[in-house]
Each structure stands twice: as structure tokens, then as C-alpha cells.
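Student: I should like to learn how the features of a protein model are read from its atoms. May we begin with the covalent link between side chains and then proceed to charges, core and strands?

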Amino acid sequence: QVRLVESGGGLVQAGGSLRLSCTASGRTLNLGRLGWFRQAPGKERESVAAVWWSTGSTNYADSVKGRFTISRDNAKNTVYLQMNSLKPEDTAVYYCAARAMWASDYNYWGQGTQVTVSS
């Protein structure tokens, strides 16, 4: 089992920045990939960014490329999402998720943290 705890959400004005953190505990040696997802009211959950735990390779949704950066600190078992140039449409609950190396999908989820961007 892997437990994920997010922090760093809040209220920010458009154009501002926030950094989300997600710390993993438990069987972290089996981690293959960690990702950030978000879900806005009335919308489906969408993938925002992901990082491969061993290599540090990343990918991003088109809507956040150039504005968001995902990174990880293996020693701290923590993944970060630096969000710059925030827009009102970035408002959502952001979730951290993890998948084991052999998993075909994300199988561990955090509790979520609210990000609200005011115009």
C-alpha cells in the first residue's frame, strides 16, 4: 500500500503561482509513476502532469504546458507541481496519484487539495 498526502492548495489571483506537494509513504520502492490530476465542478477528472519515478521523465496536458512544472525528490518521496501564470480555468480539486511499476493504471490516490484562481 502507498499513502499519498497533498498540500499547498489555496486561493490565488489570476497570473499568480502556487506549488502543490504530495508525499508518499508505505511501499514507495514499487513506485513507477506519479501524476497530478484535477477535477473542476461539473467536469470529468483530467490528467495534468506525470513524472516517471526512476528516470524523472515528464509529460503534461496541453492546457498546462509552459505554465506548470512537475518534479520529484526521491529522497523525500515527494512530488511537486509548480503552477505559474494561473488562470481561472485552472480552478479545480487537484489530486496526486501513484501507480506501481507493474500497474496499468493509477492505483493510489490522495485526498485532493482545492486550487481556486480568481479573475
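Tutor: A disulfide is a pair of cysteine sulfur atoms within 2.5 Å. Please keep in mind that this is a predicted model.

Student: How many disulfides does a search of the whole structure find, and which residues does the disulfide join?

Tutor: The search of the whole structure yields one disulfide. C22 and C96 are joined, with an S to S distance of 2.1 Å. The angle about the S-S bond is -75 degrees, and the link of C22 and C96 is left-handed. Distant parts of the chain are linked by this pair: C22 belongs to strand β3 (residues 18-26) and C96 to strand β9, 74 residues apart.

Student: Are C22 and C96 buried or exposed?

Tutor: Buried means under 20% relative accessible area. C22 has a relative accessible area of 0% and is buried; C96, with 0%, is buried as well.

Student: How should I read the charged side chains?

Tutor: Side chains of opposite charge can pair when their charged atoms come close. In this model, a search of the whole structure gives four salt bridges. One of them is between the side chains of E46 and R38, at 2.6 Å from N to O. R38 also meets D90 in a salt bridge, at 2.9 Å from N to O. The pair of D90 and R38 connects distant parts of the chain, for D90 lies in the loop between β8 (78-83) and β9 (92-100), whereas R38 lies in strand β4 (residues 31-39), 52 residues apart.

Student: What is the relative accessible area of R38, of E46 and of D90?

Tutor: R38 is buried, at 6%. E46 is partly exposed, at 33%, and D90 counts as buried, at 1% relative accessibility.

Student: Which residue forms a salt bridge with D62?

Tutor: K65 does, and the closest N and O atoms of the two are 3.2 Å apart. D62 counts as exposed at 64% relative accessibility, while K65 counts as partly exposed at 48%. As for a network, salt bridges that share partners join R38, E46, R67 and D90 into one.

Student: How is the nonpolar core to be read?

Tutor: In soluble globular proteins, nonpolar side chains tend to be buried together. Here the largest nonpolar core has 30 residues, of which W36, L81, M83 and Y94 touch the most other members. At least two residues of this core come from each of β1 (2-7), β3, β4, β5 (46-52), β7 (68-73), β8, β9 and β11 (113-118).

Student: Which residues does M83 touch, not counting residues up to four places away in sequence?

Tutor: M83 touches G16, S17, L18, L20, R67, F68, Y94 and V115, with residues up to four places away in sequence not counted.

Student: How do the faces of a strand appear?

Tutor: In a regular strand the side chains alternate between the two faces of the sheet. For β11, the covered face holds T113, V115 and V117, and the uncovered face holds Q114, T116 and S118.

Student: Which strand runs parallel to β11, and which runs antiparallel?

Tutor: Strand β2 (residues 10-13) runs parallel to β11, and four bridges join the two. Within this pairing, Q13 stands opposite S118 in β11. Strand β9 runs antiparallel to β11, with three bridges between them. There, Y94 stands opposite T113 in β11.

Note on methods. Residues are numbered from 1 along each chain as its sequence is written. This is a predicted model: local features need pLDDT of at least 70, side-chain atom pairs count only at pLDDT 80 or more; totals for chains, interfaces and linings use all residues. Side-chain values use heavy atoms; hydrogens and water are left out. Buried means under 20% relative accessible area, exposed over 50%, partly exposed in between (1.4 Å probe, protein chains only). A nonpolar core is a set of buried Ala, Val, Leu, Ile, Met, Phe, Trp, Tyr and Cys residues joined through side-chain atoms within 4.5 Å. Contact means heavy atoms within 4.5 Å. Two strands pair if DSSP finds at least two bridges between them.
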